[in-house]
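Student: Could you take me closely through the salt bridges of this model, and through the sheet that one of them touches? I would like the criteria spelled out as you go.

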Amino acid sequence: YTKVGFKNEVLDTKTYETTSTGTNPVYTKLTIPYKYNPNAEGGELKDWLEYELGEEGMNGLLEYIGYVIVEPGHTKHQWMLFIFGIGGAGKSMLLRFISRALGEYNCCTISLPKILNNNRFEYSSIINKTLARIEEVDGNKVDNFAFFKEHTSGSPLSVEEKNKPQV
């Protein structure tokens with residue numbers, strides 16, 4: 001799949017050509033809940049990101065979001081985004097921005113403590129999602145970073161939904 005769907009058009013991420021969505025179904029790897037606008041500049045949001053993260057941090061974040069949009073499900077870059085900071089610094093606002101940019105229906109929230117304690121159903125919410133958020137992690141309690149490596153390496157994960165076969 002090389003196509004990303006928008007409300008008004010489909011973008012081919014290899015050629016950057018767009019086609020009208022029309023009435024024919026187009027199979028895309030991701031559908032964004034906004035109209036495609038190649039001339040969008042960011043306005044106040046860009047100003048806020050640059051203020052909070054600096055130009056280099058903002059560009060890095062936007063690059064990360066771009067990879068998530070253009071290559072969902074691919075692990076070529078083996079990235080996981082960690083957002084650290086003091087309370088009230090805008091971490092939750094930043095997560096809301098990323099989630100809304102991708103579309104809430106493309107995102108889910110999972111519990112790191114439940115996963116680390118082998119809750120066999122916790123992964124079920126990530127099926128067909130582009131972004132899995134793990135919020136409010138106490139960094140002092142994470143002592144096995146192999147977990148994070150496993151989840152960015154492209155290795156298959158077993159997922160079990162209640163009352164359904166394991167996939």
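Tutor: What follows takes the salt bridges in turn and then the sheet.

The model is a predicted one, in which local features need pLDDT of at least 70 and side-chain atom pairs count only at pLDDT 80 or more, while totals for chains, interfaces and linings use all residues. Residues are numbered from 1 along each chain as its sequence is written, and side-chain values use heavy atoms, with hydrogens and water left out.

Side chains of opposite charge can pair when their charged atoms come close. With a salt bridge taken as a side-chain nitrogen of Lys or Arg within 4 Å of a carboxyl oxygen of Asp or Glu, a search of the whole structure returns two.

In one of them, K3 is joined to D12, and the closest N and O atoms are 3.3 Å apart. Accessibility is graded as buried under 20% relative accessible area, exposed over 50%, and partly exposed in between, with a 1.4 Å probe and protein chains only. On that scale K3, at 29%, is partly exposed, whereas D12, at 14%, is buried.

The side chains of E104 and R133 form a salt bridge as well, at 3.5 Å from N to O. Because E104 sits in the loop between α2 and β5 (107-109) and R133 in strand β6 (residues 131-133), this pair ties together parts that are 29 residues apart in sequence. The elements named here are DSSP runs numbered from the N terminus, helices being H or I of at least four residues and strands E of at least two. E104 has a relative accessible area of 40% and is partly exposed, while R133, with 12%, is buried.

Returning to K3, this residue falls within strand β1 (residues 3-5), which pairs with β4 in the parallel sense over two bridges; two strands are said to pair if DSSP finds at least two bridges between them. In this pairing G5 stands opposite T31 of β4. The wider arrangement is an open sheet of four strands in the order β3-β2-β1-β4, with mixed pairing. Its edges are formed by β3 (18-20) and β4 (30-31), each of which pairs on one side only. Strands of a sheet pair through backbone hydrogen bonds, either parallel or antiparallel.

Taken together, the K3 to D12 salt bridge involves a residue of β1, and the E104 to R133 salt bridge joins a loop to strand β6.
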